[in-house]
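Please open the model in a viewer and keep a selection tool at hand. The tour below proceeds stop by stop, and each stop names what to select and what is found there.

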Amino acid sequence: MNAAHNGGPLYRGTGELLPDTPYEDRVWPEGPPWRDFGAPAVMPPPPADDEADRRLGPPGRPRTPRPEEVRLVNAALLLRRPLLISGRPGVGKSGLAYRIARELRLGRVLHWPVTSRTTLASGLYEYDAIGRAQAAREGTDDERPGIGNYVQLGPLGTGLLPYRLPRVVLIDEIDKCDADLPNDLLTLFEDAWFEVPPLVRVKQAEPSATVHTADPGGTAVIEDGVVRAHAFPVVVMTSNGEREFPEAFMRRCLRLDIPDPDADTLGELVAGHFGDRLGPAQEALIQDFLRRSGRVGGLAADQLLNAAHLATSGLYRQDGGDAGEWQAVLAAIWHPLGGEGADTA
């Protein structure tokens with residue numbers, strides 16, 4: 001696939017970052033006209049991504065992406081559609097959101113972890129009605145903060161603010177959600193705007209409200225209680241395959257299945273965090289990990305990183321020394337994901 005389309009960059013997945021062009025001068029690939037939402041871009045540049053290095057390792061380490069990954073990420077970018085990433089726990093699904101944000105310089109990833117109690121409203125905004133009521137009892141009209149002081153946008157709500165370039169929103173483990181959430185997301189994904197009811201109710205008195213966002217210390221001005229996107233966010237949803245989703249929801253998503261990583265992929269993962277510190281022992285560690293993973297029905301990639309850290313700590317030795325001690329610690333950290341049937345070999 002070409003590195004640029006309609007004047008804008010596309011995702012390559014190699015780990016190589018785009019040139020550090022000023023935010024205001026950046027271009028973005030054109031989307032379909034029916035996905036142009038029309039709101040003027042008024043938000044300042046987002047904060048820098050402070051999580052990617054911790055999750056992926058420092059930038060600059062080469063990576064060989066799967067062709068399916070590059071193809072579907074770019075299709076999602078061009079079509080302005082959410083990307084649903086499925087795969088076994090621990091294969092690195094959420095890491096894709098951080099790779100996209102870092103490579104395309106889209107700023108901090110907005111992370112929305114989903115549980116069985118998660119509702120759409122919790123991803124859009126929270127309103128501290130009790131705090132506002134207390135302030136109303138305690139102060140005069142001149143002393144009371146505006147209503148926006150009691151509103152905080154959630155990760156998805158922040159991602160729908162009118163940024164010039166799309167924010168990356170990670171909706172993590174969406175298959176754990178309540179049955180209503182996928183259907184509740186449909187209109188939002190189609191129209192890219194939502195109302196904040198507490199602000200709508202007072203818009204005659206306060207047509208403009210400054211609210212908190214999901215970025216640390218971030219604020220945004222909302223007019224008439226409505227948040228409307230300029231650029232549809234890059235929405236990455238992860239699923240462990242624990243449930244089926246409604247057809248209408250799936251029709252609005254592009255789906256990417258991530259298989260268990262092979263030896264080459266694991267080697268790139270370890271090198272991304274540890275460079276060449278393991279030396280020749282890296283290959284032996286990866287092969288041992290793959291054998292144990294096959295015996296116990298699958299291990300998570302971060303379990304390999306735990307072993308790599310111990311191997312580089314100087315406290316344990318893979319070869320020589322007390323081999324029994326090393327195997328014992330591996331048995332402890334390479335336990336089956338299900339918690340049963342621990343491998344004692």
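A charge is said to sit over a ring if NZ of Lys or CZ of Arg is within 6 Å of the ring centre and within 35 degrees of the ring normal. This rule serves the opening stop of the tour, which is made in a predicted model.

**Stop one: an arginine over a ring**

Select R35 and F232. The charged end of R35 sits over the ring of F232, at 4.7 Å from the centre of that ring. A second example is seen on selecting R167 and Y163: the charged end of R167 sits over the ring of Y163, 5.0 Å from the ring centre.

**Stop two: the aromatic rings**

Keep F232 selected and add F37. These two residues form a tilted aromatic pair, with 6.0 Å from centre to centre and 40° between the planes. F37 belongs to the loop between β2 (8-9) and α1, and F232 to the loop between β11 (226-228) and β12, so that the pair links parts of the chain 195 residues apart. F37 is buried, at a relative accessible area of 14%, and F232 is buried as well, at 4%.

Now extend the selection to F189, F245 and F249. Together with F37 and F232, these residues form one aromatic cluster.

Next, select F289 and W334. Their rings make an edge-to-face pair, 5.3 Å from centre to centre, with 75° between the planes. F289 lies in helix α11 (residues 281-296), whereas W334 lies in the segment after α13 (323-333), 45 residues apart. Both rings belong to buried residues: F289 has a relative accessible area of 3%, and W334 has one of 2%. The count for the structure comes to 5 aromatic pairs.

**Stop three: the largest pocket**

Select V91, G92, G95, R99 and L269. Of the 44 residues that line the largest pocket, these are the closest to its centre. The pocket holds about 1,200 Å³ of space. Colour α1 (52-56), α3 (95-103), α10 (263-274) and α12 (301-312), each of which supplies at least two residues of the lining. The most comes from α10, with 6 residues. By class, the lining of the largest pocket divides into 15 nonpolar, 13 polar and 16 charged residues.

**Stop four: the second largest pocket**

Which residues lie nearest the centre of the second largest pocket? Select A48, D49, R105, L106 and G107, which hold that place among its 18 lining residues. Two elements, α1 and α3, give two or more residues to this lining. The volume of the second largest pocket is about 330 Å³, and its lining comprises 10 nonpolar, 2 polar and 6 charged residues.

**Stop five: the cavity**

The structure holds 1 cavity of 30 Å³ or more, with a volume of about 110 Å³. Select A76, L77, R81, P233 and V234, the closest to its centre of the 14 residues that line this cavity. Both α2 (67-79) and β12 (234-239) give two or more residues to the lining, which has 12 nonpolar, no polar and 2 charged residues.

**Stop six: two cysteines**

Finally, select C177 and C253. How many disulfides does the structure hold? The count is 0. For C177, the nearest cysteine sulfur is that of C253, 11 Å away. A disulfide requires two cysteine sulfur atoms within 2.5 Å, and therefore this pair does not qualify. Both residues are buried, C177 with a relative accessible area of 6% and C253 with one of 11%.

Conventions. Residues are numbered from 1 along each chain as its sequence is written. This is a predicted model: local features need pLDDT of at least 70, side-chain atom pairs count only at pLDDT 80 or more; totals for chains, interfaces and linings use all residues. Side-chain values use heavy atoms; hydrogens and water are left out. On a 1 Å grid over the protein atoms alone, a cavity is a set of points where a 1.4 Å probe fits but cannot get out, and a pocket is an open set with protein on both sides within 12 Å along at least five of seven lines; lining residues have an atom within 4 Å of a point. Grid points are joined across faces, edges and corners, and a volume is the space filled by probe spheres set on the points. Helices (H or I, at least four residues) and strands (E, at least two) are DSSP runs, numbered from the N terminus. Ala, Val, Leu, Ile, Met, Phe, Trp, Tyr, Cys and Pro count as nonpolar, Asp, Glu, Lys and Arg as charged, and the others, Gly among them, as polar. Buried means under 20% relative accessible area, exposed over 50%, partly exposed in between (1.4 Å probe, protein chains only). Rings of Phe, Tyr and Trp (its six-membered ring) pair if their centres lie within 6.5 Å; planes under 30 degrees apart count as stacked, over 60 as edge-to-face and the rest as tilted.
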